[in-house]
Each structure stands twice: as C-alpha cells, then as structure tokens.
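Let's take a walk through this one together. Have the model open and rotate along as we go.

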Amino acid sequence: MSDTTALLFGFNNYSIEILKNVENQYDNVKIYSLHEEDTKIDNYTIGHFDLSDNWQKMEDDINIEKSVAFCVLEETAENVFLVISLRSTYEDLSIIAVASHKEDANKLLMAGANKVIPLVETTADIITNMLENPISNDVLHEILYEESALKIAQIKIGKESHFKDEELSSIDWSHYNGIIVLSVMHKDMKSEFIYSSKAKHHVIQEEDVLVVVGYEKDIQEFEKRIGSHRYVSWNNWSW
Amino acid sequence: MLKKLIIDFAFYLQTSKSYQARKHFYENLLNNNKYKYKKYLDIFMISLIFTSVAVLIREVKHPIHDYMFYFNSYVISIIFFIEYLFRFWIYSSISKTIVDRAEHDSFLSRDINLFKAFKKIIKVKLSYIFSITAIIDLLAVMPFFHELRLLRLFILFRVFKLFRYANSFQTLASVLASKKFEFFTLAIFASVVIFVSSVLIYVMEANNPNSPINTMFEAFYWSIVTISTVGYGDVVPITYEGRIVALVVIIAGIAVLAFTTSLVVSAFTEKIDEIKEIKTVEDITKLKSFYLICGYEKLAQDVAKKLQKHGNSIIVLDTDAQRIATAKSDCLTALLYDPGEMQSYKKLNINLEKQVKAVLCLREDDVANVYTALTVRSLSKEIHILSLLMENSNRRKLEYAGINKLVYPQELIGLITKELVGQPVAFEVIHELRSETSNVNITEILISQRISEIYSIVGELGNKNFRVVLLGVYKKNRGHFYFNALESTLLETGDFLLVIGYKVFIKEFEQHLHTRVNNE
C-alpha cells in the first residue's frame, strides 16, 4: 500500500496544473474523471467514476489518513456532491476543493472540505496585488512559489527545544540572524501574527509551529540552534 | 506678379509652424470644449455678458458712473468684436483654399485660377457671417453705437451669446433639433390655427361696437394668447359666433400644448443616454489616473471592487449592455464601447500613457483579450497591459500581442495547491498578508527624499516600537530585494520598505516617519 496518495477528481486544466505541481510530493497519484473519453495523461491512467459510486473500495488501495483528495469538477453542484460523498465515507480524508466564488466555497466547506480555494476572489486578490503592490507581490510570490534561496518554513517546536515554556515576547529574535519569525500557531489555535496581543503573551509549548522566512542555510541553522525541526505534514490539519 | 505674391504668401502661411500653432491654439480656445483653457475664456465672457445686462438694468432708474458706461459700451463691445474677428478668422483657412487651388491647377497643368479660390473663400466666409451664432455675435457688438438709444437694447443679444459658452444650452438645442420635423409640423399646425382663428374672430367681432377686438392685430393677439392657454382676459369675444371660435381655439390650444410637451419629453428620453455618455466622457477626460477594465465579467467585478477599495478610479468598457448596467450599478463609470475598437479610445479622448495606470483585459475569452491588447498596444507602446489567460495553449499569442502580465488562474491554483499541501500554515500566513480582508498586511513604504535625509540607515527607523516587521528593503535602482536588511543598510530615495504588521500600526509607523520629518 502506498504511503501518500493524491486523488484528483475531475480531468480539466485545473487538475492538469495541480498534477504538475504535486506529483513529486506524493508516492502515488490517481486521477478520476466523470467522462469515459478521458483515458490517459502522461504516465497516468485516468480512472472513471460517477457521482453515485460507493467509495468504500478505495480504502483497499490507499492509506486514507495519508491521502489528499483534490475536487476540481467544473460543475459546482457536482463538486459539492462529490465532497459530501467522500466526507461521508472517509472522516479522516483531507479534501481540498476549488470553487468559482466565495458563495460556492461556503457550500463546499459545509459539505466537509478541509480547504476551499475560491477561484475568482483568489485571482482578483493576486491581480490587485500585482497592480497595487508590485514589489511585495513579487517578493511573496518568490518566497512561496519560486525555487529561490529565500524560503518560508514551518518549524515545529520539539520536546528538546529551548524555546519551550518561554513567553514569545521575551525572546530576542535578533540573535537569530537572517531569520524573520512571522507568526506562531498553537496546536489549538489559528496562526497568530508575532506582534499580535494574543501571541505576545503566548507561552511556547511543544507542537507549536513557528512560521519563519529566511535563506535556506539560515533556516537550517535556526532549526539546529533551537532544537526543533521543520514541519511539512498537512494531513489532519484544518482551518 | 501679384498672383505669385499671393500664392507664395499662402504657401508660407500653410508651412509656417508658428502661424499654424497659433491658429490651432485659437481654434481650441474658442471651439474645442475638451480644451482645458476654454472654460476660463467661457467664464470670462459669461461674466462680461452678465455685467453688461446688470448695467442695462441699473441705468433704467439710476444714473451710472461714466467709467461703467464706457466699460459697457466700448470695452465689452471691443472685446466681443475681437472675438468675432477671431471666429471669422478660424472659421476657414484662406491660405489652405489658395494652396489647394494652386496645387489642383498645377497638377492639371493649368493656369492657377485665383478667382475660383477667392469665390470659394467668400462663399465660406459669408456662410459664417450669415450663421445665427455669428449674427448674434455681431448684434452683441452694436451697443458700441450707444448714441442710438435703440441700439443699446442690443445688449440683450449678448445674453444669447450665452448659448456659445454654456454646454447645457448646446445640449438643449441639439436635443430639440433632433425633433426638427415634428416641431416644424406643429408650428405649421399652430400657424394655420392662429391665422384662421385671427381672421374668423376679426370677422365675427370687428363690427360689434362693444367688442374689444377692432383691429387685425388685436385679433392676432387674442389668438396667440388663447392658443397658448395663457388667456389674460384683457381681450375677450362678446358675440355668440366669436365665442364659438374661442371654443375651437381653446381645444386646439390644449392639443398644441400637449403635443409640444410630449415632443420635448420624447426628445429628451431618446437623447438621455447620449447626453449621459457625453457627460461621462467629459468626466473621464478630467481624471488624472485610472485603471481601464476591458470586459466586466465575474473576475473583473471582483478586481474592480478591490481596486476601488484602494482609492483608484475605474473605467469599464464592454460591448455587453447588461454587463455595463451591472458595472453602473456597482457605482463604476462604464461605457458601452468596444475595447477592441480604435474608435472607442478616440471617443474617450484620453492620454493613455499619462492617464491610464494599466489596461486590464479581463474578458473570459482569449480572442477578445488579444484583440483588445493589440488595439491598446497599437495606440501606446508604453502602457502596462495585464490580461487574463483562459487556455494555456494561447499563452504565446497573448504574449505576442504585447501583454506585459498574464494571469492564468489554473496555473495559480496549481501553485497554491502545491504550497497548501506542503506548508499549510506558511501558506495561510502569506495568504492572509495578501488578503484584502485581513488585519495583518504587507505594505510598501516609499522612501521619499525627505525621509531619506532624516533616516539614513535601517537601524534608525524604529519599526519594532510600532510592532511592525521589516521584511526587507527593495532598492529600485538596483532592482534587488534585500531581505532582513542589516541595521547599517543605507536608505536611499526611491527605496521601498516592505513591512508586515497590523494595518493600524503600519499607518502609525508611516505617520511617525513623516512626523519626524516635519518636526525636524
């Protein structure tokens, strides 16, 4: 049985782009289409399904807890139905869905998706940023998406970390050259900006996640010095 | 010899840059409503007209100062006469007519016939002299001959000159002119009724010694007063027959009034969109900078909203009436123009490079976007064009059309998903920074010359006191971003600080930078 699996539901330009970007991150990728005429793309054979399918069988081939389903059907109603079908069968499956608008995104969240990307709003945000804040847009784009030396990373506080039990505001971050700590996420809370009043009095505990920006070697150095490690798993994490 | 001199002089004027520039300036000043200085001349002339009328009213019962009298009779008249001469000059080009005739005759290897040229010049100039506006202009100069008391009443003709300077009068005239035929029919009908009723009432009433209608003029006066439904009551028919005529005229009067009202209303209803469009284009011409959105579909609607929140002016062009209606209901300036047509930009009368921040081709159709981009690019090589890409296979075509930035939503979704599955918390943090609705923001602060004079290095900024994270400094002259810039990094004019923090704290930090400058 494969360790991690990406399940792509829907065969269209969105799934092709998702496939391009995530295929290296998963041991196995499975693509499903509603249409019989879709048969193959690159090295992947396209499976077929219809919305009345019972997904119980899928459990035999993949490890549900380590899998992520990407629901990108073009019809919103079908996409909502697919998400609700998957969620009703697998409570632990991580589901990411694409919606055209925020109204549709709410329905998909109600149907059980862990994360929904509202296409119009997200694209509009990016276009506005491109025009109004071109410099910050380029910098953030480089940090997030490009293969640049500057990286954003999630550092999970381990048992041995000397930050443990320290108050966030009492730490002098300037000791860690080349690193900027942007936010902290407690296991039970949403990520909080480093200077927010909540984060200010937050006592760092094991399992907390720090979001840092820096050059790769500086991040590695930071990890070593604080005795924590990078956190990359997305599974079972929801907003 | 004289003929040669005239032709040479005409050629000289036609090729003289300074002469043509001057003539062009006066043409703009007097006739071009879009010329920015015309309004000052209009205001000046309107002030003269009102001054003139005020003096006329004042002098009816009160003596006026001599200087006021001379100002009204001579100064204003001379100014109006100069204006009349300028209008006469720019109405047509004498030199151009002569040059055209000379070239035409030379081309056909004939003797140059200046007589024909002068005939044409006189014909054109006379058509100006006898135009209604020119006659009004000339009559407005008449009070110059103030010794003839009657000519002083010509001051009132100055009021008619207002038509020239107030655009709304011109709009009203053009609206009414659109129903010329209907008004003409109505005038014929009213004239026939007035004529017949005047004759009838005269015939019925004139021989009755008790009747106030004794002359044809009185009959005519009564007809007009009755048909217009004014009915003063000073002249009334007293005979039985005369009253029957009155009944007919009253009914005809109601019909004429109703017809006139409906004509004016329908003329305005038909022209209202055109009038609004003219007003919209005038407003757009006055805008200093704006984004031009071509196509108003879902994504464009969202982009427009967000750009508006940033305080930008937005102009929307689309070929679909429903989408234009949506844009208008979203409080945007929108025109039913085809953004792919050159004519649309000519009608807009805008300077693309100076006024337009960027052109956004946001139709969900690559063909339409390419067409628009090519049209815009053919008008300006410098303007920034951003376009939506719907099919990746069309990417090269859109790039070839001269689009600076392409946005392919599918690709964005791919990139977002990659980051989302790899680093969800980090992604969420960056997403929050970019989101319009979030409290924590990333902002660019420009280092102005004044700020750089006070804060020479990064360490002096004091951003930490304002709970603001300085992500780095962007050096525009080097095109490089210095992440987590050292405290000793020099700040230069034109640099940008990239700061992250709560909006309110960033604002305070910005204020602090400027206040410190002010205090110094």
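At what angle do the axes of helix 4 and helix 6 of chain B cross, and within what distance do they come? Keep in mind that this is a predicted model. Helix 4 of chain B covers residues 66-91 and helix 6 of chain B covers residues 114-129; their axes come within 10 Å and cross at roughly 140°. Angles over 145 degrees would count as roughly antiparallel, and these two helices are therefore oblique to each other. The crossing of helix 4 and helix 6 of chain B is right-handed.

Zoom in on who touches whom. Helix 4 of chain B brings Tyr84(B), Arg87(B), Phe88(B), Trp89(B) and Tyr91(B), while helix 6 of chain B answers with Val124(B), Lys125(B), Ser127(B), Tyr128(B) and Ile129(B). Sorted by class, that contact has seven nonpolar, one polar and two charged residues.

Now swing over to helix 2 of chain B, residues 17-31, which packs with helix 4 of chain B at an angle of about 120°, the axes 10 Å apart. This crossing is left-handed. From helix 2 of chain B come Tyr19(B), Lys23(B), Tyr26(B), Glu27(B), Leu30(B) and Asn31(B), and they meet Glu83(B), Phe86(B), Arg87(B), Trp89(B) and Ile90(B) in helix 4 of chain B. Here the tally is six nonpolar, one polar and four charged residues.

Finally, zoom out. The domain assignment splits chain B into domain 1 (2-165), domain 2 (180-272), domain 3 (288-407) and domain 4 (439-519). Taken over C-alpha atoms, the centres of domain 2 and domain 3 of chain B are 57 Å apart.

Notes:
Residues numbered from 1 in each chain as written. Chains lettered and ligands numbered in written order. Predicted model: local features only at pLDDT ≥ 70, side-chain atom pairs only at ≥ 80, totals over all residues. Heavy atoms only, no water. Domains from an automatic or database assignment. Axes fitted to C-alpha atoms, helices over the stretch in contact; angles between N-to-C directions. Helix = DSSP H or I, 4+ residues; strand = E, 2+ residues; numbered from the N terminus. Parallel < 35°, antiparallel > 145°, perpendicular 65-115°, else oblique. Left-handed = near helix turned anticlockwise from the far one by under 90°. Contact = heavy atoms within 4.5 Å. Nonpolar A, V, L, I, M, F, W, Y, C, P; charged D, E, K, R; others polar.
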